[in-house]
Amino acid sequence: MIPFLILLLTAGQVAPPVDSAAPPVQRLAAPVGVKAFDTPNDKGKSITVHWQPGPGAAPEAWLVERTDPAESTEVIAAIEPTDTRYLDEGVMDRVKYTYRIAAAAGADTVWSEPSQPVASSAQLFNTARLNILIAMVIFFALVIYYIETAKKGKNLFVRRIAGLDAVEEAVGRATEMGRPIIYVPGLGSVADIATIASLNILGEVAKKVAQYDSALLVPNRDPIVYTVAREMVKESYAKAGRPDAFKADSVFFITSEQFAFAAAVDGLMAREKPATNFFLGMFWAESLILAETGAQTGAIQIAGTDSVFQLPFFITACDYTLIGEELYAASAYLSREPLLLGSLKGQDYGKIIILAIVTVGSALLLLSKIPALSFFTQIVSFFSVR
Amino acid sequence: MRRNIPLAICLTMGVAMMVQFFVPHPASVAFYDLTTKWVRIVGAFALVLGTGSLVMYHIDKLQRRRTGWYYSIVTLTAAAATSVIGLGWGVKPGSPLQDIIFSNLLVPLNASMFAILAFYMASAAYRAFRARTKEAALLLVAAFVVMLGMVPIGANVPFFWFMVVVNVALLVAGFVTRSKALLIGAGALVVGLLAWLGFSGFKVPPLMLPDTAEWVLSVPNMAAKRAIQFGIALGGIATALKVILGIERGWLGGGKQ
Amino acid sequence: MRFFQYLLKIDRRIIYIVVGLLVMLPLIKPLGLGVNSGPRAQTLFKAIDQVPAGKTILISVDFDPSSMPELYPMLAAVMRHAFAKDLKVLLCGLWITGAGLADKAVTEIPPEFGKKYGEDVVFLGWKAGVDAVILGMGENIKNVYPVDYYGKSLDSLPMMNTVKQLRDIPIMFAISAGTPGYQDWLLYAQSRYGMRVGAGLTAVSAADAYPFLQSGQLTGMLAGMKGGAEYEVLVQKAGYSKTYMPAVAAMDSQSLAHIVIMILVIIGNIAYFVTRKRGA
Amino acid sequence: MHVSTNILTWVAAILTIGIFSFLWKDNPFYKFCEHLFVGVSVGYTIALTWYNSVYPDLFNPLFLSPLSEVSLGNKLLLIIPLILGLCYFCRFIPKVSWLIRFPMAFVLGWGMGAAIPAMFQTYIVKQMQGTFLTPGIFARWDVLLWALISFVGVVCSVLYFFFSKEHKGALKVASETGIVFLMVGFGASFGYTVMARMSLLIGRFQFVLRDWLGVIK
């Protein structure tokens, strides 16, 4: 900032003389309406200053001056003439400051009236995120309500999901052929919800595997997912009444490097010639590497992911694909547990609400073309996220 | 106790993180930074466990001389050597880990594995890109438009002629398979194309493939992505909520209650 | 009929060989299918072309080896253009893994035009922190980079006497494979110091940049390998360089690859429909 | 032809061929590369994790830094993740093996709690804002038409993901229209990605032909 300021102050000395033929030069006017306030929705230590240009000539820059209670005053910034806002992040909380703005051109500087004294502080609630809070409350209420309804034993319908109907057949096939099943719970971490959904499905699949007495191989890319997957499979074998059939080395960690993992699973498929492959969870570019190698070894493949970019490849190369939300519906679908089914119903109502809001909102927004109804344009800003 | 304490930890952390999102106060930011560090540290311990699993797997393979046991020596040696070099000489640019191992082993291995995808795309397209249903046919046409529109060869091809070729293919397929549905579809397309031709004054409409490709990407493709994301978000949030509330508790695993 | 059944069961390795050969051959012997330069590439080309000789342009190398096939040709083509017009080139990078790539370009390209390091080209290297680096360069480049990538003091490099801060640079080309990247340059360098920014992006992320092009914040864009090829053609057509054009040659491979995939799909479908009719 | 004399280029080229050889069939050369890849990547991750997280965030502040730099309170705070991390090893001690649930619960709760508001933000509220039809669409007839098509596409595709009602009647029509949009979207994605992946293959070939064999410039 400092070199720029010096440049600005020296600029006046070398400014060419005003051409007498030019229209009379408007005088600089002091900026008006200087407002300083605590920057909203932040962690404190910040004050926002706003002002409007005065009714004179356009300045070459604005200068911002801050005075603290100890009466020490300094010019803290020079701002482009197109900007009329300054964010002062060099303040202390709970100390009252006043601000003045100057219009500067050449050696001329015209100062405004000082602002009201203002102190910054940290906020406890980010009002800009109120929209998200409202959405959360509505959706949570829906999901919890339908889960409670389901607890009371109300029967809930779920539409058919082809990929999940095939699970039983796919597991049975492995037993008949005497070949293993490979289950890849995605390449995500436990913080990815798709991984959680996949681990829940793994629990259901492992139960069926235990019943049919097939072999199961679960290669992992994330070490934490590996620990959870191992517990899940062990538990499922116990639930199916065959805890002794669980082999500790059937769930294993390979590496956390994406393509090294893909290379290893490719090798695994080429050597074990699995009857069935499950690719459920989070996948990136390796999706087709896995699915195409699996198809070449002749396995039945059931895939599912919420990664929009990988869905086309799974749809092309696999026999069944769970698209997006179907992956999350899977554990409810397979277990038929009412608690889980209840939340599916809640999700559906969530979708209806979204569609209703965008439809009604769009209608109102289009009506805002009529001048008297122009306030409807505010709707869009309510959905801004920060 | 064995179930309730973990469930309580999960609930507390879940609620705390949700609240944190709405609070801009420095204390909340500090909490976020602190717990992020903790999660990374805890993850490092899991990595030890995972690496242990890998090492045990290969040592077991070695001891029992199972098929391909000698490859296990490669993995074990490589892992040991790389971690010693990395821990000993550091990971900064210019260190042997980055300049030799990363640049000359990991980069080519990664890039080659990634590049194999190009071959798999070709074989998947040949094997599975079949116009079995009308949906599959649409997928195919959309893929063709984008593939042609994105390379120089397609730059001056009018979309109209492309659709004429598609139409002829549909007609031929309809006659060969004697499928009424196909013929009706092809007929409808003929009418549509003629109407379009008439609309633009019996001159080939100037819409070229690159513009069509951009349209496909920005209109129907965007709409589909948005819808999928709505579904994913709702399903994901519901799943996360069930985990936090302890409704979905499969992760607790086996053992006594 | 047998023929079609055979086609359906064709060994995938034959497909791999066909694809592999068709992609490789144009690299060795370009077909010269030609590349049309789109308006976005032309905008960038004109903008750089109008910079007066002796001025400096900035290139930010924000990508790593995994995006090299798509983005490196752009870097080379823009540098050739600049040297042919007697512009000076300043390079920097927001990605630690991109330093090696910039180093490669700085070593290989200037000698083609008889340009010298320190007088016509300088590579600053990488520094931690994105906004701090850009804002710092806006005030004084020497404060952020006391020495260049090779450890030489900036005071000892004659070129750096004319370039003190971002305001001395009329236009920059940000080559980004993700974040940090061109968006940070727009956010900090453009909004604060009025820098004109052109972008070079991977094909996958190009769509995200359309809004910035429409609003005029970006002065042109090159997308993917094709973008690099378009720029190579522009440079060649203007007679600035006669070197081998790697991206243009690669676009021949790309075209052939797309066509072979489409032909494969068509053959597969014909075989499928013919045999299905027979089976039914 | 100027075949490279750099041994590291040779190594990189040989590994490239090794990985590609899997396309022909699984073979000892590929198996070697695969096992090398796994080993090297694990070692690399270990070194990075140590230098980027364990050493600066745990080891250094807890054990090496004097109290003047890291306060006792902060040191005690670091014991929490240390204990949580060590709980993972309880797996090997049958009596307390259930303690492994503590770090799992911590990481899961943290991840899920952080994901929920973020998903509302980027995937719901922001996407809703993007879906609204605004008066700007009346500007030109084609803009209007495409905006309407997009809107119908979003609505119908969302209805495809409706689980708790059988898809018949109006819902069936809507969800089938939705599938049309989904399929066109998938096709477009496929076509687009073909381009990016081919570039990668071209890049690899350029490495082999230029950097290694020196056949091209």
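Chain C comes to 11 helices and six strands, where helices (H or I, at least four residues) and strands (E, at least two) are DSSP runs numbered from the N terminus. Its C-alpha trace spans about 80 × 35 × 35 Å along the principal axes. Of the 280 residues in chain C, 55% are buried, and buried here is under 20% relative accessible area, with exposed over 50% and partly exposed in between (1.4 Å probe, protein chains only). Take the contacts in chain C between residues at least 6 apart in sequence: 76% of them join residues at least 24 apart, a contact being heavy atoms within 4.5 Å.

A quick word on ground rules. This is a predicted model, so local features need pLDDT of at least 70 and side-chain atom pairs count only at pLDDT 80 or more, while totals for chains, interfaces and linings use all residues. Residues are numbered from 1 along each chain as its sequence is written, chains are lettered from A and ligands numbered from 1 in the order in which they are written, and side-chain values use heavy atoms, with hydrogens and water left out.

Now for chains B and D. Here 103 residues of chain B are in contact with 105 residues of chain D. The size of an interface is often given as the accessible area lost when the parts come together. For this pair that is about 9,700 Å², 83% of it on carbon and sulfur atoms; the buried area is what two parts lose on being put together, summed over both (1.4 Å probe). On the chain B side, Trp38(B), Tyr71(B) and Leu109(B) lose the most area to chain D, together 7% of what that side buries.

Inside chain B, look at helix H3 (residues 69-89) and helix H4 (residues 96-128). Their axes come within 9 Å and cross at roughly 155°, the axes being lines fitted to C-alpha atoms over the stretch in contact, with angles from 0 to 180 degrees between N-to-C directions. That makes H3(B) roughly antiparallel to H4(B), because angles over 145 degrees count that way (under 35 is roughly parallel, 65 to 115 roughly perpendicular, the rest oblique). H3(B) brings Thr82(B), Ile85(B), Gly86(B) and Trp89(B) to the contact, and H4(B) brings Pro96(B), Leu97(B) and Ile101(B).

A second helix pair links two chains: H2 (residues 130-151) of chain A packs on H1 (residues 4-22) of chain B at about 150°, with the axes 10 Å apart. So H2(A) is roughly antiparallel to H1(B) as well. Ile132(A), Leu133(A), Met136(A) and Phe140(A) meet Met18(B), Phe21(B) and Phe22(B).

Over in chain A, Leu268(A) sits in helix H6 (residues 258-272) and is buried at 14% relative accessibility. Beyond its neighbours within four places in sequence, Leu268(A) is in contact with Ile182(A), Pro219(A), Phe252(A) and Lys273(A). Leu217(A) is 51 residues from Leu268(A) in sequence, yet the C-alpha atoms are 9.5 Å apart.

Chain D has a charged residue to check: Glu34(D), in helix H2 (residues 28-64), is buried at 5% relative accessible area. Residues up to four places away aside, Glu34(D) touches Ala263(A), Ala264(A), Gly267(A) and Arg271(A).

Finally, the cysteines. A search of the whole structure finds zero disulfides over all chains, a disulfide being a pair of cysteine sulfur atoms within 2.5 Å. For Cys87(D), the nearest cysteine sulfur is that of Cys90(D), 5.0 Å away. Cys87(D) is buried at 9% relative accessibility, and Cys33(D) is buried at 0%.
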